[in-house]
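Please look over the chain shown here together with its coordinates. The report that follows is meant to be read beside them.

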Amino acid sequence: ALISMASSALAEDFNVLAINFQPWGNTQFDAESMKITWTEEWEGGGWWLARDCSEYDYALIEFKDPLPMDVVVTVIYSAKDERNEKLKTKKTILAGKKGITIALDPTYKVSIDGLGISGSKPGSVILKSMVLKEKQ
């Protein structure tokens with residue numbers, strides 16, 4: 001009897017960095033080196049996904065070097081709260097760290113608007129990878 005392997009196959013990682021980065025404020029982004037530069041505190045930008053991410057369980061964000069400042073990464077869902085504001089999962093990556101995993105909300109990951117990133121003070125960071133992954 002043939003046994004289907006499909007049920008045990010993991011979803012392929014989704015490479016968020018393949019999507020164009022949309023800066024806000026005076027944020028600069030070099031797509032070749034994956035370098036983000038902030039000229040003021042709490043500037044940022046993000047990657048607009050606008051997609052069903054239900055096959056993924058978490059986002060894994062890695063930087064090339066230890067961070068020179070705290071960096072906040074936000075998962076923005078399409079769903080809204082009672083104040084009509086989009087629901088978010090926000091995590092702070094402390095200065096000196098090189099990455100973080102962020103669990104995707106099991107209820108709202110069916111529609112993720114995007115991922116945002118902002119720096120707590122002026123400076124630069126270089127992204128190594130940002131992927132959505134399925135639990136192993």
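The sections below go from the whole chain to its sheet, its core and a few single residues.

## Model and overall make-up

The structure is a predicted model, and its protein chain has a mean pLDDT of 92, with 93% of the residues reaching 70 or more. Among the elements of the chain, the lowest mean pLDDT belongs to β2, at 94, and the highest to β6, at 98. Over residues 2–7, by contrast, pLDDT stays under 50, and for this stretch the model has zero contacts beyond four places in sequence.

The secondary structure comes to 11 strands and zero helices, and the C-alpha trace spans about 60 × 40 × 25 Å along its principal axes. Of the 136 residues in the protein chain, 40% count as buried. Where contacts join residues at least 6 apart in sequence, 76% of them join residues at least 24 apart.

## The open sheet

Five strands form an open sheet in the order β2-β5-β10-β7-β8, with antiparallel pairing. Its edge strands are β2 and β8 (residues 86–93), each of which pairs on one side only. Neighbouring strands of this sheet are turned against each other by 25° on average, direction ignored. As a rule, the strands of a sheet pair through backbone hydrogen bonds, either parallel or antiparallel.

Within this order, β5 is joined to β2 (residues 21–24) by four bridges, the two strands running antiparallel, and to β10 by six bridges, again in an antiparallel arrangement. Individual partners can be named on both sides: F21 has W47 in β5 as its bridge partner, while the partner of W48 in β10 is G114. In addition, G44 stands opposite S118 in β10.

## The nonpolar core

The largest nonpolar core has 32 residues, and those with the most contacts inside it are W47, I61, F63, V71, I117, L127 and L132. At least two residues of this core come from each of β4, β5 (44–51), β6 (58–63), β7 (71–80), β9 (99–103), β10 (112–119) and β11 (123–133).

Which residues does W47 touch, not counting those up to four places away in sequence? They are V16, L17, I19, N20, F21, I36, D113, G114, L115, I117, L127 and M130. Two of these contacts tie in with the descriptions above, since F21 is also the bridge partner of W47 and I117 is also among the core residues with the most contacts.## Glycine in strand β5

G45 lies in strand β5 and counts as buried because its relative accessibility, 3%, is under the 20% cut-off. Leaving out residues up to four places away in sequence, G45 touches F21, Q22, P23 and W24, and also L115, G116 and I117. The residues F21 to W24 belong to the stretch of β2, residues 21–24, and L115 to I117 fall within β10, residues 112–119. For G45 and V110, a separation of 65 residues in sequence goes with a C-alpha to C-alpha distance of 22 Å.

## Two threonines with polar contacts

T37 lies in strand β4, which covers residues 35–38, and its side chain makes a polar contact of 2.8 Å with the side chain of S124. Beyond four places in sequence, T37 touches N26, T27, Q28, G123 and S124.

T89 is found in strand β8, one of the edge strands of the open sheet. Is T89 buried or exposed? T89 counts as buried because its relative accessibility is 19%, against a cut-off of 20%. The side chains of T89 and Y77 are joined by a polar contact of 2.8 Å, and, leaving aside neighbours within four places in sequence, T89 is in contact with V73, T74, V75, Y77, I102 and A103.

## Positive phi in two loops

Most residues other than glycine have a negative phi. M34, in the loop between β3 (28–30) and β4, has a positive phi near 65°, and this residue is buried, with a relative accessible area of 18%. W42, which is placed in the loop between β4 and β5, likewise has a positive phi, of about 60°, although it is not a glycine. With a relative accessible area of 43%, W42 is partly exposed.

How values were computed
Residues are numbered from 1 along each chain as its sequence is written. This is a predicted model: local features need pLDDT of at least 70, side-chain atom pairs count only at pLDDT 80 or more; totals for chains, interfaces and linings use all residues. Side-chain values use heavy atoms; hydrogens and water are left out. A polar contact is a pair of N or O atoms within 3.5 Å; within protein, one must be able to donate a hydrogen and the other to accept it, and residues adjacent in sequence count only if both atoms are side-chain atoms. Contact means heavy atoms within 4.5 Å. A nonpolar core is a set of buried Ala, Val, Leu, Ile, Met, Phe, Trp, Tyr and Cys residues joined through side-chain atoms within 4.5 Å. Buried means under 20% relative accessible area, exposed over 50%, partly exposed in between (1.4 Å probe, protein chains only). Two strands pair if DSSP finds at least two bridges between them. Axes are lines fitted to C-alpha atoms, for helices over the stretch in contact, and angles run from 0 to 180 degrees between N-to-C directions. pLDDT is the predictor's confidence in each residue, from 0 to 100.
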